[in-house]
Amino acid sequence: MFHQFLQEEDGAQVVEYALIIAVISIALVIALQALTNGASFTTFIARVATCLTTAVCV
């Protein structure tokens with residue numbers, strides 16, 4: 001029974017997907033920090049909204 005438990009690989013896919021999601025999340029946080037140039041995330045979102053709704057991007 002213990003031998004059969006060790007050979008089971010059903011949970012491995014869940015762990016792999018969790019690791020992929022974690023790496024992507026960390027990359028997104030790092031990318032957003034680089035884009036904000038020290039400003040707050042709210043300021044960054046406001047800048048994006050301004051660029052999307054007007055012709056002027058600051």
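Let's start at C57, which sits in the segment that follows α3, the helix spanning 41–53. This is a predicted model, and in it C57 has a relative accessibility of 52%; since the cut-off for exposed is over 50%, C57 counts as exposed. If you look back along the chain from here, you'll find R47 10 residues away, with 7.4 Å between its C-alpha atom and that of C57.

T54 belongs to the segment after α3 as well. Its relative accessible area is 40%, so T54 is called partly exposed, a label for values between the buried limit of 20% and the exposed limit of 50%. Have a look at where the T54 side chain points: it reaches the backbone oxygen of T50, at 2.6 Å. That pair falls within the 3.5 Å used for a polar contact.

Now step back to the whole chain. What does its secondary structure come to? Three helices and zero strands, so if you walk from the N terminus you simply read α-α-α. The protein chain has 58 residues, and 3% of them count as buried, where buried means under 20% relative accessible area. As for the surface, the chain exposes about 5,300 Å², and 71% of that is supplied by carbon and sulfur atoms.

Where do nonpolar side chains come together on that surface? Y17, I20, I24 and L28 make a nonpolar patch of about 440 Å². Pick out I20 from this group and you are in helix α2, which covers residues 10–36. I20 has a relative accessibility of 47%, and therefore counts as partly exposed. Residues need over 30% relative accessible area to be part of a patch, and I20, at 47%, is one of the four that make this one.

Stay in helix α2 and move on to Q33, which lies there too. Is Q33 buried or exposed? Its relative accessibility is 55%, so Q33 counts as exposed. From Q33 you can also look across to F44: the two are 11 residues apart along the chain, and their C-alpha atoms are separated by 9.6 Å. F44 falls in the 41–53 range of α3, while Q33 is in α2, so this pair takes you from one helix to the other and back towards the C57 end of the chain, where the tour began.

Definitions and conventions
Residues are numbered from 1 along each chain as its sequence is written. This is a predicted model: local features need pLDDT of at least 70, side-chain atom pairs count only at pLDDT 80 or more; totals for chains, interfaces and linings use all residues. Side-chain values use heavy atoms; hydrogens and water are left out. Helices (H or I, at least four residues) and strands (E, at least two) are DSSP runs, numbered from the N terminus. Buried means under 20% relative accessible area, exposed over 50%, partly exposed in between (1.4 Å probe, protein chains only). Accessible areas come from the Shrake-Rupley method with a 1.4 Å probe; for residues, only the protein chains shown count as cover. Patches are made of residues with over 30% relative accessible area and no salt bridge: like charges are joined within 9 Å, nonpolar side chains (Val, Leu, Ile, Met, Phe, Trp, Tyr) within 5 Å. A polar contact is a pair of N or O atoms within 3.5 Å; within protein, one must be able to donate a hydrogen and the other to accept it, and residues adjacent in sequence count only if both atoms are side-chain atoms.
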